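Visitor: Could you take me on a close look at one part of this model, the place where its helices pack against one another? I'd be glad of the surroundings as well.

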Amino acid sequence: MDEETKNVSKAKLKSVRQIVGHDNRLHKDNASLVEAKFEMLKLTDSQLVNAIQINSWKLRQNIPPTRNSMSEESRSYSYNAYFIENTIVIPAGLASPPMVGPNYPPPYIYGGLGFITAHEFSHLFTSPDGRNSWSYLAQERYRQNIEDLVLQYNGFSMMGVPLNGTQSAEENAADNSGIIVAYGAYKLWERTLSEAEREAMEKLTLWYTGYTPEQLFCIAFAQVSTEQK
């Protein structure tokens with residue numbers, strides 16, 4: 001990617017609005033309303049139980065299961081991150097166990113929630129509109145990479161049925177860039193540790209989970225991908 005396209009892309013990334021938990025604009029100065037609204041929603045450490053609890057709560061609240069725009073009253077209960085209207089949303093339902101929690105190993109968080117966040121940011125550029133300010137050379141390079149990705153996924157099959165690489169091209173591109181960015185972010189964090197801190201983290205991770213930090217990162221990513229697909 002040429003420098004001009006890099007600078008344009010960086011500026012575009014900085015313009016993205018980020019909502020984590022819920023949109024404060026919608027509940028400004030009304031914390032009691034929020035507490036009352038979610039009082040009956042009881043979450044646990046089980047993703048399956050949480051999914052059942054959330055669906056039951058949505059029925060009781062009569063909240064339509066749509067995410068077509070940012071006009072809904074709240075999406076805090078959701079456990080699906082998404083990118084819409086130049087806004088990335090990480091609902092409170094996702095930023096909680098079993099995805100992330102107190103004392104969760106950093107490699108697990110980067111491989112799970114980190115990947116999801118990077119995947120959604122990637123959608124800023126997976127659509128043609130997101131690349132309309134790129135140089136011709138950058139757009140041509142992207143097109144060639146997507147063609148290679150389509151061919152790669154066309155070679156995969158599930159239960160004997162070939163995948164359609166063209167149909168899933170945008171999601172596949174976001175997945176591939178998301179895992180690269182998430183792992184890069186993890187390694188950047190790791191470099192902030194002293195050698196003693198890094199060795200201690202590796203030993204504790206191995207002792208508590210039975211896996212190395214890199215293995216735990218990959219496991220978290222695999223669990224997210226398996227659940228989503």
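Guide: With pleasure, and let's begin from the outside: the accessible surface of the chain comes to about 14,200 Å², and carbon and sulfur atoms hold 57% of that area. Please keep in mind that this is a predicted model. The chain has 229 residues, 35% of which are buried. Its secondary structure consists of eight helices and five strands, and read from the N terminus the elements follow the order α-β-α-α-β-β-α-α-β-β-α-α-α. Among contacts with a separation of 6 or more, 56% join residues that lie 24 or more positions apart.

Now to the packing itself, with helix α4, residues 106-126, as our starting point. The axis of α4 comes within 6 Å of the axis of helix α6, residues 169-190, and the two cross at roughly 135 degrees. How should that pair be described? Since angles over 145 degrees would count as roughly antiparallel and 65 to 115 as roughly perpendicular, the pair falls in neither group, so α4 is oblique to α6. The crossing of these two helices is right-handed. As for what lines the contact of α4 with α6, there are 13 nonpolar residues, alongside seven polar and three charged ones.

Helix α4 has another partner to show you. Helix α1, which spans residues 3-14, packs with α4 at an angle of about 125 degrees, and their axes are 11 Å apart. That angle makes α1 oblique to α4. Here, too, the crossing is right-handed. If you would like to find the contact on screen, look for Ser9, Lys12 and Leu13 on the α1 side, which meet Phe121, Leu124 and Phe125 on the α4 side. Sorted by class, this contact of α1 with α4 holds four nonpolar residues, one polar and one charged.

While you are at α1, do stop at Thr5, which also belongs to this helix. Is Thr5 buried or exposed? Its relative accessible area is 1%, and because anything under 20% counts as buried, Thr5 is buried. Setting aside neighbours within four places in sequence, the residues in contact with Thr5 are Trp134, Ser135 and Ala138.

Ala138 is a good stepping stone, because helix α5 runs over residues 136-154. Helix α5 packs with α6 at an angle of about 100 degrees, with their axes 10 Å apart. An angle of this kind makes α5 roughly perpendicular to α6. From α5 come Tyr142, Ile146, Leu149, Val150 and Tyr153, and they meet Ala169, Asn172, Ala173 and Asn176 of α6. By class, that contact has seven nonpolar and two polar residues, with no charged ones.

Let's walk back to Leu124 of α4, one of the residues that meet α1. Glu85 is 39 residues away from Leu124 in sequence, and their C-alpha atoms are 9.9 Å apart in space. You will find Glu85 in the loop between β2, residues 82-84, and β3. With a relative accessible area of 52%, Glu85 is exposed; the cut-off for that class is over 50%.

The loop that leads from β3, residues 87-91, to α4 carries Asn103. The phi angle of Asn103 is near 65 degrees, a positive value in a residue other than glycine. Asn103 counts as exposed, at 81% relative accessibility. Met159 makes a good companion to Asn103, since its phi is near 55 degrees, also positive in a residue that is not glycine. Met159 sits in the loop between β4, 157-158, and β5, 161-162, and it counts as exposed at 84% relative accessibility.

One last stop takes us to another loop, the one between α2, residues 31-37, and α3, residues 47-61, where Met40 lies. Which residues does Met40 touch, leaving out those up to four places away in sequence? They are Trp57 and Arg60. Met40 and Arg60 are 20 residues apart along the chain, and their C-alpha atoms are separated by 9.4 Å. Even with these contacts, Met40 is exposed, at a relative accessible area of 55%.

Note on methods
Residues numbered from 1 in each chain as written. Predicted model: local features only at pLDDT ≥ 70, side-chain atom pairs only at ≥ 80, totals over all residues. Heavy atoms only, no water. Helix = DSSP H or I, 4+ residues; strand = E, 2+ residues; numbered from the N terminus. Buried < 20%, exposed > 50% of the residue type's maximum accessible area, 1.4 Å probe, protein only. Contact = heavy atoms within 4.5 Å. Areas by Shrake-Rupley, 256 points an atom, 1.4 Å probe, with all protein chains shown as cover. Axes fitted to C-alpha atoms, helices over the stretch in contact; angles between N-to-C directions. Parallel < 35°, antiparallel > 145°, perpendicular 65-115°, else oblique. Left-handed = near helix turned anticlockwise from the far one by under 90°. Nonpolar A, V, L, I, M, F, W, Y, C, P; charged D, E, K, R; others polar.
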